[in-house]
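Work through the exercises below with the sequence and the model open beside you, and try each task before reading its solution.

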Amino acid sequence: MFARKKVVLIPKTHLYYIWIALIFAILLLSGCSGFSGAPDKPRHPAPEAVQGTIDLRDWDFAGAGIVPLSGEWDFYWDRLLGPEEAAPLSAGGAGREWIPLPRSWNGYRPAGQAQALSGSGSATFHLRVLLDTRSGVLALELPVVRTAFKLWVNGKQLAQAGTVGASADTAKPGYRPQIVYFPQEGVTALDIVLQVSNFDHRLGGVWRELRLGEAGQLSAGHNRHLALEMSLGGGFFLMGCYHFVLFLFRIRERASLYFGLFCLIAALRALFIGQEAIYQLFPGIPWQAGLRMEYICFYSSLPIGVLFFRSLYPHELGQRTVRVIQWFGCLCLVTVVLLPSRIYTWTLLAYQVLIVLIGLILLGSLIKARFRQRDRAAFALIGYIVFTTTIFADIAQLNGWISAGGYSSFGFFFLILMTSLIISMKSFKAFAAVESLSFQLRELNMGLEQRIRERTSELEKSNRRLEKMNEDLGRLETSRRHLLSNISHDLGTPMTLIQGYVEALIDQVVTDPKQQHNYLRLILNRINGLNRLIADLFQLSKLEARQIHFSMRAMPIGEFVDYYGERYGLEVKNAGIGFRLDASILPRMEPPDAAVIIDLDRIDQVLTNIVYNATKHTPKDGLIRLQFVLDSTTMMVRVHDNGEGIDPEDLPYIFDRFYKKSKSRNTSEGGSGLGLAIAKEIIDFHGGRIWAESRVGQGACLSFALPLHNVQPAPGDGVRA
């Protein structure tokens, strides 16, 4: 079985940005020679020096541009010759030797010497330049020379950096890239003598080419390169400050800290490479201090850069590798601080080897991150490839393997673009996540508010149900207590009487058969009364507990009056009492669609109790008047009698069960004493009220009121209270 290869799909948008990055890298590498420390290329192939002479008589400086003075220079090792000595030697040809420039003299073996040269020593370089007499004002651009030099043109000293000496005691290093100007009108040749000494650096000689051209052209190019490098350094500095401030706002985001420090170090190092602007802005900087600062920046950049890459892709770059790099970088920094320059500059070779190894490790890590679909790994990979390419070019130039160099600042600038894009997209992703979470939180809050309202409404409903249940339980408990109290209290007397009658019969106290029959009839009457009392007690208890079924219906006012006004007249008249119905006020006051919602049988039970009560307390030939009164909200029913009336102290209690005042209408003969109490519960269920009015000797009036409703009369379904 063959293992299936994992195919990594790259979105089209990523391909689009990758192609943009590649095109930018190609343009950068192809055009950086015009904007870096490398010289401007001439518009036509420039002639080179041959055996100490370069022929520029056919060279048009205005049209062809600046010409590099590269090729074979006269070379006098370990001899510091002045112009009066070098010119005759070059013309005579005896003992002459040539060295190709630009290059370090390290590894060069002069004639007559068995060993190649080291970096330490002194020498004189001589070149004769043949010119057209029409040449105007020319200028000569001098690069950095390791580590001290003195220049003469046609016997006149024009430039110097440090102190040239034949030994370490007499020589003093110094850096000073500069441009020297001299009029050339009418002169057919330039005799250039350059003394160089180096006892403080591992590499000695002329690393970069001297360039000759018109003064304005050369000065403009030099200033353009210097301004560009200063701009790059300023850009690095601003980016470093920006990411450092980002770190202060988000302490846990270590990538911003490492990247900010990396940018600040790069900004500082940019002043020491290329045109070495630091020595032109501040000529008084000591050479040793400047070199130490350059090496410190270089040695500290790698550990910090590795920490930055690990913060982005921790699973692809091991912690052990990071520790090794940090320890090696710290060791190199210690050598720079404690040892002299002629020793610590040799550590650069080992560090360059480490850079190559770490570069390969980081490259492999970024490739793994890309294939593992890590966030923005493609951008980091492209930026890193471009940057390492420029680093290797600078390493090759520092070792004298190639003449062009000074590209690392621009490669690093491209890397910063890529990494800034990564951090920006990462920050954008974080901000987008924050906005999304904020939106979700707002939605959640709104949903929570709605849910809280719904839950509150449900809780309120549940609370009302619980209150109603509690109220029902309270009524049940009250009804239970009343029932037990009434059973124990109000059933005791009839049971005692029945017990006495039975004992009298058993003990044969009563022997007359007729009297015994009377006793038995009394017992039966008491038992029937107990049955009625028990039935009324249970009915009253169920009413109080709202456990009786009510069949409610809407009844118009006129129908209500007709239905109840004709039910009691005959019974009252049969008892020898007059009856009168008073409902003449209804036609004028009845509103349209006015109705009462009632249970017909229960309201009939109420009226029957009230009318029966009035009949028992009204004398023969008396009068009972049934009156219906209507107002805007209620339908009121009143029952008047002209009996003996009710004492004022009894009025508040006549609707209580078993009220025992002798005049109370709850204790009427033949009744259970619960009729008015039952009537009150029925009226309460209908949402009405019941009351009594009386004057002793003038009769009593029992009334109840029912609420009105604007509904069409229709039969209603039964409900359970």
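**Exercise 1. Decide whether Gln178 is buried or exposed, and describe its surroundings.**

Step 1. Gln178 has a relative accessibility of 14% and therefore counts as buried, where buried means under 20% relative accessible area, exposed means over 50%, and partly exposed lies in between, with a 1.4 Å probe and protein chains only. This is a predicted model, in which local features need pLDDT of at least 70 and side-chain atom pairs count only at pLDDT 80 or more, while totals for chains, interfaces and linings use all residues. Residues are numbered from 1 along each chain as its sequence is written, and side-chain values use heavy atoms, with hydrogens and water left out.

Step 2. Gln178 belongs to strand E11, which covers residues 178-183; helices (H or I, at least four residues) and strands (E, at least two) are DSSP runs numbered from the N terminus.

Step 3. Leaving aside residues up to four places away in sequence, Gln178 touches Leu140, Glu141, Leu142, Phe149, Ala159 and Gln160, where a contact means heavy atoms within 4.5 Å. A polar atom of the Gln178 side chain also lies 3.1 Å from the backbone oxygen of Arg176.

**Exercise 2. In what order do the strands of the open sheet of 5 strands follow one another, and how is E17 joined to E19?**

Step 1. The order is E17-E19-E20-E22-E21, and the pairing is mixed; two strands pair if DSSP finds at least two bridges between them.

Step 2. The edge strands, each pairing on one side only, are E17 (578-582) and E21 (689-695).

Step 3. E17 and strand E19 (residues 623-630) run parallel and are joined by 5 bridges, and Gly578 has Leu623 as its bridge partner in E19. In general, strands of a sheet pair through backbone hydrogen bonds, either parallel or antiparallel.

**Exercise 3. Classify the aromatic pairs Phe298 with Tyr299 and Tyr563 with Tyr564.**

Step 1. The structure holds 21 aromatic pairs, and rings of Phe, Tyr and Trp (its six-membered ring) pair if their centres lie within 6.5 Å, with planes under 30 degrees apart counted as stacked, over 60 as edge-to-face and the rest as tilted.

Step 2. Phe298 and Tyr299 are 6.1 Å apart centre to centre with 45° between the planes, and this pair is tilted.

Step 3. Tyr563 and Tyr564 are 4.8 Å apart centre to centre with 85° between the planes, and this pair is edge-to-face. Tyr563 is partly exposed at 30% relative accessibility, whereas Tyr564 is buried at 0%.

Technical notes:
A polar contact is a pair of N or O atoms within 3.5 Å; within protein, one must be able to donate a hydrogen and the other to accept it, and residues adjacent in sequence count only if both atoms are side-chain atoms.
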